[in-house]
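Colleague: Hi! Could you walk me through this structure, a bit at a time?

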Amino acid sequence: MLRFNYVYWARHDYRHWYQFGWVPVTVYAMNLPGFLAGRSLLTPLTIYAGQTSDYKELALNIANFPKFLQLAFSTAVLDHYELLKRGLMVLTCLILLAGFWYLRRLDLTPQRFLVVATWSFWTCTMFLPSMHDRYSYFVMVMLALVALLDRRMIGVALVSIGISTVLYLRYLLNADAAIDLWPLAIIQIINYCGFTAGTFLHPQPEYLHSFR
């Protein structure tokens with residue numbers, strides 16, 4: 001929600017801000033069973049911070065940049081977890097701010113809004129610490145929608161969904177030793193970079209279908 005509030009603020013477009021009010025309403029409505037079971041009303045806001053403290057891992061079962069760091073520099077990551085955790089959070093914010101600042105120059109059409117939404121969610125799962133495979137499910141759904149609108153992104157979507165499927169099977173089958181995350185993390189980082197380039201360098205090809 002805050003990411004897109006920033007987009008509209010940067011563009012001085014205040015026509016639809018009230019619609020963002022549905023976000024906290026929806027979040028708390030979906031968590032109503034947990035509140036009835038005794039969870040705090042602050043849990044939706046604090047659960048991620050608690051997760052980064054509980055697991056003490058830069059990444060769990062996911063192919064992203066923190067997992068690459070964890071596998072490539074395992075000893076250094078263990079020794080400097082808190083510093084790296086905060087650094088990755090700052091890095092994520094800087095990437096999002098840079099992307100949204102660039103978008104101030106572009107017409108935010110419904111098509112581009114979908115692509116930028118996908119990019120912003122993927123940026124979070126790609127760079128934030130303590131992510132796991134379930135955080136990326138929504139990104140995979142969004143990538144599938146983008147691929148239906150933009151043929152350039154079909155390969156990106158197929159690779160990402162394929163990796164996500166492999167990761168979930170790795171968890172379900174307890175196949176940690178059989179499936180190496182190192183090459184999957186590298187492929188997914190390259191895939192993300194390709195999607196980013198397509199989002200910002202060539203944001204709206206002539207064959208992009210219309211929502212209308």
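Modeller: Happy to; we can go through aromatic rings, the core, a surface patch, cysteines and salt bridges. One thing to keep in mind is that this is a predicted model.

Colleague: Rings sound fun. How many aromatic pairs does a search of the whole structure find?

Modeller: The search turns up 13 aromatic pairs. Take Trp122 and Tyr192: their ring centres are 5.5 Å apart and the planes meet at 85 degrees, so this pair is edge-to-face.

Colleague: Why does that angle make it edge-to-face?

Modeller: Planes over 60 degrees apart count as edge-to-face, and the angle for Trp122 and Tyr192 is 85 degrees, so they get that label. In general, a pair of aromatic rings is described by the distance of the centres and the angle of the planes.

Colleague: Where do Trp122 and Tyr192 sit along the chain?

Modeller: They come from distant parts of the chain, 70 residues apart. Trp122 belongs to helix H8, which covers residues 110–127, while Tyr192 belongs to helix H11, residues 181–200.

Colleague: Are those two buried or exposed?

Modeller: Trp122 is buried, with a relative accessible area of 2%. Tyr192 is buried too, at 4%.

Colleague: What about the pair formed by Tyr168 and Tyr171?

Modeller: Tyr168 and Tyr171 are stacked, with 6.0 Å from centre to centre and 25 degrees between the planes. Both are in helix H10 (residues 154–172), and they are three residues apart, so about one helical turn separates them. Tyr168 is partly exposed at 32% relative accessibility, and Tyr171 is also partly exposed, at 48%.

Colleague: Back to Trp122 for a second. Which residues form one aromatic cluster with Trp122?

Modeller: The cluster joins Trp122 with Phe65, Phe68, Phe127, Trp182, Tyr192 and Phe195.

Colleague: And the nonpolar core? Which residues touch the most other members there?

Modeller: The largest nonpolar core has 31 residues, and Trp119, Trp122, Leu143 and Phe195 touch the most other members. Two or more residues each come from H7, H8, helix H9 (137–149), H10 and H11. H8 gives the largest share, nine residues.

Colleague: Is there a general idea behind a core like that?

Modeller: Yes: in soluble globular proteins, nonpolar side chains tend to be buried together.

Colleague: Okay, new topic: the outside. Which residues make the nonpolar surface patch?

Modeller: Our two stacked tyrosines are back: Tyr168 and Tyr171 join Leu169, Leu172 and Leu173 in a nonpolar surface patch of about 520 Å². Leu173 sits in the loop between H10 and H11, and Leu173 is exposed, with a relative accessible area of 63%.

Colleague: Cysteines next. How many disulfides does the structure hold?

Modeller: The count is zero. As a reminder, a disulfide is a covalent bond between the sulfur atoms of two cysteines.

Colleague: Why is there no bond between Cys124 and Cys93?

Modeller: The sulfur in Cys93 is the closest cysteine sulfur to that of Cys124, but the two are 8.1 Å apart, so they are too far for a bond. The cut-off here is within 2.5 Å.

Colleague: Are Cys124 and Cys193 buried or partly exposed?

Modeller: Cys124 is buried, at 13% relative accessibility, whereas Cys193 is partly exposed, at 45%.

Colleague: Last topic: how many salt bridges does the count come to?

Modeller: The count is four. One of them is formed by the side chains of Arg152 and Asp150, with 2.7 Å from N to O. Arg152 is partly exposed, with a relative accessible area of 28%, while Asp150 is buried, at 2%.

Colleague: Which residues do shared partners join into one network?

Modeller: That network holds Glu82, Lys85 and Arg86. Glu82 meets Lys85 in a salt bridge at 3.2 Å, N to O, and Glu82 also forms one with Arg86, where the closest N and O atoms are 2.9 Å apart.

Colleague: How are those three placed in the helix?

Modeller: Glu82 and Lys85 are three residues apart in helix H7 (residues 81–103), so they are separated by about one helical turn. Arg86 and Glu82 are four residues apart in H7, again about one turn.

Colleague: And how much of each is accessible?

Modeller: Glu82 is partly exposed at 27% relative accessibility, Lys85 is buried at 8%, and Arg86 is partly exposed at 49%.

Methods:
Residues numbered from 1 in each chain as written. Predicted model: local features only at pLDDT ≥ 70, side-chain atom pairs only at ≥ 80, totals over all residues. Heavy atoms only, no water. Phe/Tyr/Trp six-rings, centres within 6.5 Å; stacked < 30°, edge-to-face > 60°. Buried < 20%, exposed > 50% of the residue type's maximum accessible area, 1.4 Å probe, protein only. Patch = residues over 30% accessible without salt bridge, like charges linked within 9 Å, V, L, I, M, F, W, Y side chains within 5 Å. Areas by Shrake-Rupley, 256 points an atom, 1.4 Å probe, with all protein chains shown as cover. Core = buried A, V, L, I, M, F, W, Y, C linked by side-chain atoms within 4.5 Å.
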